[in-house]
Amino acid sequence: MLVVEPLLPQRLRRPSDALRFLATLLLLIGVVLLALVAKQTLNGIEQDVEVGTSRAPWPLVLIAGFVGGGAVLVIPAALAVERVFHRDGLRVAEGLIAAIAAVLVSFALGEWLIVASTDLRQLLTGGRAGVEPLNTLLTSVVAYMTAVRISRRPTWRSLMWVAIALDVFALFTGAEATALGVIVSILVGLAVGYGTLYAIGSPNTRPPGTAMIGALRRLGFRPVRARRIDDDVQGSRRYAVILDDDRRIDVTVLDRDRQVSGLIYRLWRRMLLNSETRRRAIRSLRAELEREALMAYAAQAAGAGAPKLLGTSEIGTEAALLAYEHLETRALEDVPDDEITDDVLTEIWEQVRLLQGRRLAHRRLEGESIHLDQAGHVVLVDARSGEIAAGDLLLRLDIAQLLTYLALRVGAERSVRTAAAVLGPDALAGALPLLQRIALTRGTRAALRGQGKQLLSAVREQIVELKPPGVVAEVRLERVRPRTLITIIGSAAAAYLLLTQLGQVNFLRIVTTAEWAWTGVALVAAGLSYLAAALMIKGFVPESLPMGRTVLVQFAGSFVKLVAPAAVSSVALNTRYLQKRGIPPGQAVASVGASQLIGLAFHLLLLLFFAYVTGSDAAASLTPTRGLMIVLLGVSVAAVLILGIAPLRRLVSTRIRALFSGVLPRLMDIVQSPRRITQSVTGTLMLTLSFVICLDASVRAFGGNLNFAAVAVVFLAGNAIGSAAPTPGGLGAVETALVAGLRLSGLDLDVATSAVLLFRLLTFWLPVLPGWASFTWLQRHRAI
């Protein structure tokens with residue numbers, strides 16, 4: 001029987017090959033970065049491997065070299081012959097293309113490493129002449145075997161990996177490769193193999209329409225003609241099949257190679273959206289078939305209007321089908337808005353009520369999944385996205401999605417009114433916290449562009465009129481916010497930089513050569529900074545604050561800095577403390593904002609002052625130093641960018657206005673009290689000078705000798721960078737900036753790194769334990 005369908009392409013680019021290529025690249029990057037960080041450990045492993053292989057009996061070495069070296073060439077050749085005899089020479093050609101590409105890539109990478117990264121080349125070659133950074137033979141063989149898909153041939157795959165293992169053992173015994181070089185060579189070979197498969201495509205193994213007809217006949221149907229129609233919303237093939245009794249059935253074909261399509265988007269949504277879903281991001285063909293069939297049967301049992309599932313079957317090993325009864329319908333997205341009456345809206349909500357009564361979540365309630373039949377009744381399709389035994393959150397998400405979609409079509413008032421008539425106000429109140437863009441489907445989010453906030457606000461207002469809020473808890477749908485991702489990336493970069501610095505430090509020298517008198521001075525200065533911070537905050541609050549408890553709050557801030565950027569943690573904690581002391585929230589925020597504003601002004605003035613003093617010591621003229629010129633130019637460029645780019649200007653002005661609103665009236669209250677002015681100025685200066693003295697004492701503890709003004713410039717610049725960094729406590733950014741500043745000031749790397757580590761130990765890590773104790777005590781006494 002002839003099936004009318006477009007000619008299937010002979011080759012396809014499989015999404016699974018692209019995902020494997022990307023995963024291999026990420027693993028390769030991770031291995032290289034780990035090797036650069038843990039160089040000493042890797043060198044120790046390399047020595048262990050060298051010693052271990054040198055003790056191997058010479059007969060074993062001889063056999064491994066002969067058998068392994070020959071087998072890595074013989075096995076690919078034998079597989080090629082076997083494939084040619086089975087008339088699969090095209091696959092062999094793909095493998096040869098991958099092998100040639102791997103040779104070129106390994107050669108190019110080897111040449112690039114000569115000039116780009118001496119450290120990495122040293123790790124890949126072990127510093128031995130004649131050792132390739134990437135083993136060309138190993139890389140090309142792995143690429144060849146990947147491109148011919150040896151993973152589908154268990155016997156050949158086992159033989160190949162045994163041969164590679166013997167060859168690697170022979171390379172180790174002859175000191176012709178390193179452990180890192182072997183791992184990188186294999187990963188590069190895998191990446192080239194998968195990249196080749198995706199670039200040139202793979203043979204199309206999707207069964208044609210005639211195979212689908214054969215599967216239907218095995219189910220007992222008697223098809224007489226068939227034609228392919230539009231694919232469904234998830235990209236699966238669909239066929240209209242006419243049976244011998246002139247009935248029509250609709251057949252959906254699930255192809256195995258389509259199961260990973262959209263995987264990256266699903267993983268991204270799974271990471272961002274806390275939906276309590278039980279679905280796996282990567283699903284097998286069988287699992288997808290069973291899920292859609294189960295959801296279809298459950299919808300029928302619930303009495304919902306949905307096409308009846310007539311049968312399911314596998315089509316060989318590469319596809320499966322689901323046969324549904326045919327209903328003449330049209331999608332709601334194709335229905336004009338003026339034809340969507342209140343009766344239609346009510347019936348749509350009735351269908352949702354039936355599903356939710358049986359704990360069924362549809363998960364895709366939008367125009368493509370809601371249809372109207374010829375009599376105007378509602379039909380729900382695309383059951384594959386749904387879930388059975390759904391939790392409350394998923395059911396509420398369905399309501400929020402449908403409320404928003406219908407509001408886009410008929411307005412917020414009609415959408416909410418018809419929903420409330422069917423589901424009741426309580427159900428809508430439960431969905432109120434979920435009216436967020438992130439909770440909606442991709443199509444609905446796209447339709448909301450330009451009117452999202454206004455429309456969602458209108459829907460919320462309509463619900464609030466029916467059911468005032470207060471009993472429904474706020475729901476956080478975002479697992480990970482963009483700001484959190486930035487913090488994670490910044491923390492990873494900070495950890496890399498910090499570990500790189502630590503790898504260059506001799507800790508034994510730190511302990512044995514440090515002058516502990518200067519260490520004591522640094523410790524006292526670090527302790528004084530908390531007293532100074534308490535004086536500063538007391539000076540900006542007209543109300544009376546107990547000194548002891550205020551100092552404990554500053555210590556508690558050192559604990560909070562572990563999980564938040566330094567500037568954010570101190571502002572939040574001090575504001576909370578003032579509110580607990582009975583100060584109104586607006587005045588508390590204004591007091592903390594005033595302290596931050598004055599602190600910023602003093603910071604900039606001291607930076608300019610010490611920078612000028614440093615330049616005056618170096619030259620008799622009043623010409624600013626080069627470093628000061630760079631700082632001033634950088635500040636000028638940043639100011640021009642902020643003032644010149646309208647969105648950035650609005651963002652900064654909004655943030656500043658929110659932070660410092662009410663600051664000026666608070667400052668006027670402080671100006672009227674000379675004692676408060678003295679406290680605030682003294683605390684602000686003491687806070688900065690305490691940190692400068694601590695850093696200067698840390699430098700002198702290791703024999704360094706720098707001008708105090710130079711140390712002050714280094715600290716003020718490094719502290720500014722740390723405050724701007726998204727990492728907790730400026731971790732990584734502060735260390736890097738301080739070490740770089742001390743190095744530019746003339747200190748040796750060992751002294752600069754040791755001094756910065758001691759400084760951060762005293763000001764960041766050591767106060768964590770007393771900070772935790774203070775935080776716990778203050779919470780127990782309801783002080784924060």
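This passage walks through the overall make-up of the chain, one sheet, its salt bridges, a surface patch and a few single residues.

The model is a predicted one, so local features need pLDDT of at least 70 and side-chain atom pairs count only at pLDDT 80 or more, while totals for chains, interfaces and linings use all residues. Residues are numbered from 1 along each chain as its sequence is written, and side-chain values use heavy atoms, with hydrogens and water left out.

To start with the whole chain, the secondary structure comes to 31 helices and 11 strands; helices (H or I, at least four residues) and strands (E, at least two) are DSSP runs, numbered from the N terminus. Of the 784 residues, 45% are buried. Here buried means under 20% relative accessible area, exposed means over 50%, and partly exposed is anything in between (1.4 Å probe, protein chains only). The accessible surface adds up to about 38,800 Å², with 63% of that belonging to carbon and sulfur atoms. Such areas come from the Shrake-Rupley method with a 1.4 Å probe, and for residues only the protein chains shown count as cover. As for contacts (heavy atoms within 4.5 Å), among those with a separation of 6 or more, 76% are between residues 24 or more positions apart.

One sheet is worth a look. It is open, has 3 strands in the order S9-S10-S11, and its pairing is antiparallel; two strands pair if DSSP finds at least two bridges between them. Strand S9 (329-331) and strand S11 (378-380) sit at the edges, each pairing on one side only. On average, neighbouring strands are turned by 40 degrees against each other, direction ignored. S9 and strand S10 (residues 370-373) are joined by 3 bridges, and Thr329 stands opposite Asp373 in S10. Helix H12 (residues 342-357) lies across S10 and S11, running at about 40 degrees to S11. Axes for these angles are lines fitted to C-alpha atoms, for helices over the stretch in contact, and angles run from 0 to 180 degrees between N-to-C directions.

Helix H12 also brings in the salt bridges, of which the whole structure has 24. The criterion is a side-chain nitrogen of Lys or Arg within 4 Å of a carboxyl oxygen of Asp or Glu. Within H12, Glu350 and Arg353 meet at 2.9 Å, N to O; the two are 3 residues apart, so about one helical turn separates them. Glu350 is partly exposed at 29% relative accessible area, and Arg353 is partly exposed at 39%. A second bridge joins Asp392 and Arg359, with the closest N and O atoms 2.7 Å apart. Because Asp392 lies in helix H13 (residues 392-410) and Arg359 in the loop between H12 and S10, this pair ties together parts that are 33 residues apart in sequence. Asp392 is partly exposed at 48%, as is Arg359 at 34%. Elsewhere, Glu82, Arg83, Asp88, Arg91 and Arg153 are linked in a salt-bridge network.

Helix H27 carries another such pair: Asp696 and Arg700 come within a salt bridge of 2.9 Å between the closest N and O atoms, and sit 4 residues apart, about one turn of the helix. Asp696 is buried at 8%, whereas Arg700 is partly exposed at 22%.

On the surface, Trp518, Val521, Leu689, Ile693 and Phe708 form a nonpolar patch with about 370 Å² of accessible area together. Helix H20 (516-539) and helix H27 (674-701) each give two or more residues to this patch. Patches are built from residues with over 30% relative accessible area and no salt bridge, joining like charges within 9 Å and nonpolar side chains (Val, Leu, Ile, Met, Phe, Trp, Tyr) within 5 Å. Trp518, in helix H20, is partly exposed at 32%.

Some single residues round things off. Gln554 in helix H21 (residues 547-560) is buried at 13% relative accessibility. Beyond its neighbours within four places in sequence, Gln554 contacts Tyr530, Ala533, Ala534, Ile537 and Asn574. Most residues other than glycine have a negative phi. Arg149, though not a glycine, has a positive phi of about 55 degrees; it lies in the loop between helix H6 (136-147) and helix H7 (154-173), and is buried at 10%. Arg782 likewise has a positive phi, near 55 degrees. Arg782 lies in the segment after helix H31 (768-780) and is exposed, with a relative accessible area of 67%.
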